[in-house]
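Here are a few exercises to work through with the model open beside you. Try each task before reading the solution under it.

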Amino acid sequence: MSKNKQNKPPAMHILFADDEKNLQELMRQELPRMGYSVTVCPDGLTAVAALERESFDCLLVDLDMPGMNGIDVIGKARELRPEIEAVVMTGKPSQETAIAALRHQAFDYLTKPCRLADVAGLLGRVNERRQNKKQLTALNLRLRHAEGDSKLVGSGKMMDAVRTLISKVAPTDSSVLIRGETGCGKELVARAIHDASLRADKPLVPVNCGALPENLIESELFGHCRGAFTGADVARTGLFEVADGGSIFLDEIGELPLQMQAKLLRVLETGDIRRLGDNQTVHVDVRIVCATHRDLEKMVEEGTFREDLMFRINTFEVHVPALRERTEDLAVLARHLLRRHRTDGADDKLFSADAMEQLMSHRWPGNVRELANVIEHAAILNDSLPIEAEHLPRHFGKRQLRKEIRDSGPMKLRDLEMLAIDKAIERNDGNKPAAAEELGVSLKTLYNKLNAAEEKRAAG
Ligand SMILES: Nc1ncnc2c1ncn2[C@@H]1O[C@H](COP(=O)(O)OP(=O)(O)OP(=O)(O)O)[C@@H](O)[C@H]1O
């Protein structure tokens with residue numbers, strides 16, 4: 001097979017229905033020459049019978065046929081083969097028929113007599129649209145895979161409360177502020193809100209405010225004109241415009257610099273955005289969903305977050321609980337996350353009792369994201385099921401600590417405490433607030449203990 005042929009999209013299968021004998025013959029002959037296969041029908045009823053029997057990519061149908069007209073054939077085709085692209089042909093064009101065709105989502109409209117070149121051009125466009133739809137489906141699949149399943153797993157009391165809040169606020173157009181620790185599922189909640197809203201068929205555009213370089217935030221959010229700044233070689237549509245009609249998810253809103261907070265507030269209040277370098281404003285209709293793991297009230301006190309912006313975004317708050325606060329969901333979440341990698345095995349045989357006990361006894365400072373990573377690690381290491389404790393990451397949980405205690409011989413309680421502290425700091429790559437969180441003490445207590453140990457060491 002030549003390379004060219006390999007790249008060619010598969011030919012379309014066309015259903016042609018028209019009562020004109022000449023046209024039937026013409027299409028029977030010419031459509032295969034254009035590279036398409038065709039089934040020719042002399043009337044509407046025969047066309048419907050063909051639709052029941054075979055699947056087609058495109059329906060080319062005359063409007064006026066004896067027995068069943070073209071609009072009814074399209075209607076039936078929509079029921080039987082929803083993916084089909086329909087093109088209407090008529091010798092007597094009128095506004096009513098054009099409107100009826102559009103109402104049935106016909107792709108286009110051909111007036112008879114039509115030239116073969118017009119038919120070829122139109123079928124080329126139908127084919128292109130088909131390819132674009134396929135690409136879109138493939139991209140959506142990839143996106144779903146990258147984002148994971150958007151189902152909110154967990155049936156404990158706390159997740160039930162979150163779900164109730166989502167179902168109440170979703171259908172309104174209120175701004176929502178989602179709060180919770182890092183990795184606890186805030187983005188998933190934002191998606192659930194959007195999916196249950198009246199904007200569900202429009203885009204949800206996620207923006208990680210913490211990941212955008214400060215000098216690019218404004219152009220990312222509001223767009224820019226060509227030449228607006230050095231390097232702006234082409235105009236760019238901002239994410240607010242992309243989200244028009246849908247929702248924007250401003251993740252890590254607490255990371256937004258003060259100057260941008262002021263600009264964002266203006267946009268939220270008026271709905272008008274101005275591209276960088278443009279004098280005109282554009283009106284957008286966007287629902288705002290924000291998330292943060294930061295204490296915004298404290299930031300307001302410290303002067304690093306605008307109070308007026310906080311009031312604008314927190315009309316409605318959803319608090320997503322940390323994983324350690326809802327251990328009742330841990331087993332079902334662990335199974336759900338393992339199913340992202342494995343489809344074999346019965347649900348109740350996915351983890352050994354020992355492995356599950358270790359998962360249950362961990363404090364999960366990184367929440368569900370940490371659990372997802374631990375499980376991915378285990379799924380890669382273990383070909384068979386159940387997942388055993390030894391497949392969990394080496395530094396994981398208390399296993400390592402237990403082993404060190406066993407290997408170290410007699411030990412003072414104080415030393416045991418220091419060992420737990422050292423391990424927690426090591427596990428969290430030196431991040432003391434995360435280590436304190438994992439140990440279940442305040443950061444201040446952790447520092448006090450470290451200082452006391454240091455003083456003791458210095459004193460010999
Ligand atoms: N209730 C849940 N059910 C199923 N999967 C979940 C749940 N909560 C979180 N996850 C999964 O955990 C991972 C992290 O979730 P998500 O990105 O929503 O967290 P986040 O709070 O937005 O994180 P960050 O604070 O870092 O932005 C994702 O893979 C997500 O699918």
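**Exercise 1. Which residue stands opposite Val176 in β14, and what order do the strands of that sheet have?**

Step 1. Val176 faces Phe316 in β14. Before going on, a word on the ground rules: this is a predicted model, where local features need pLDDT of at least 70 and side-chain atom pairs count only at pLDDT 80 or more, while totals for chains, interfaces and linings use all residues. Residue numbers start from 1 along each chain, as its sequence is written.

Step 2. β6 and β14 run parallel and are joined by 4 bridges. Strands here are DSSP runs of E with at least two residues, helices are runs of H or I with at least four, and both are numbered from the N terminus. Two strands pair if DSSP finds at least two bridges between them.

Step 3. Now try the other partner of β6: strand β6 (residues 176-179) is joined to strand β13 (residues 287-292) by 4 bridges, again parallel. Leu177 has Cys290 as its bridge partner in β13.

Step 4. Hop over to β7, which runs parallel to strand β10 (residues 247-251) with 5 bridges between them. There, Val205 sits opposite Ile248 in β10.

Step 5. Put it together: the open sheet has 5 strands in the order β7-β10-β13-β6-β14, with parallel pairing. β7 (204-208) and β14 (316-319) are the edges, each with a single partner strand, so one side of each has no neighbour in the sheet. From one strand to the next, the twist averages 20 degrees.

**Exercise 2. Which strands are at the edges of the sheet β2-β1-β3-β4-β5, and which helices pack on the sheet?**

Step 1. This open sheet has 5 strands with parallel pairing. Its edge strands are β2 (37-41) and β5 (108-111), each pairing on one side only. Ignoring direction, neighbouring strands are turned by 20 degrees against each other on average.

Step 2. Strand β1 (residues 13-17) pairs with strand β3 (residues 58-62) in the parallel sense, over 4 bridges. Look for Leu15, whose bridge partner in β3 is Leu59.

Step 3. Helix α2 (residues 21-33) packs on the sheet and touches β1 and β2, its direction making about 170 degrees with that of β2. α3 packs there too, touching β1, β2 and β3, and its direction makes about 160 degrees with that of β1. Angles run from 0 to 180 degrees between N-to-C directions, and axes are lines fitted to C-alpha atoms, for helices over the stretch in contact.

**Exercise 3. At what angle do α3 and α4 pack, and which residues meet?**

Step 1. Helix α3 (residues 44-53) and helix α4 (residues 70-80) pack at about 10 degrees, their axes 10 Å apart. The two are therefore roughly parallel (angles under 35 degrees count as such).

Step 2. From α3, Gly44, Ala47, Val48, Leu51 and Glu52 meet Asp72, Val73, Lys76, Ala77 and Leu80 of α4 (contact puts the C-beta atoms, placed from the backbone, within 7 Å).

Step 3. By class, this contact has 6 nonpolar, 1 polar and 3 charged residues. Ala, Val, Leu, Ile, Met, Phe, Trp, Tyr, Cys and Pro count as nonpolar, Asp, Glu, Lys and Arg as charged, and the others, Gly among them, as polar.

Definitions and conventions. Angles under 35 degrees count as roughly parallel, over 145 as roughly antiparallel, 65 to 115 as roughly perpendicular and the rest as oblique. Two residues are in contact if their C-beta atoms, placed from the backbone, lie within 7 Å.
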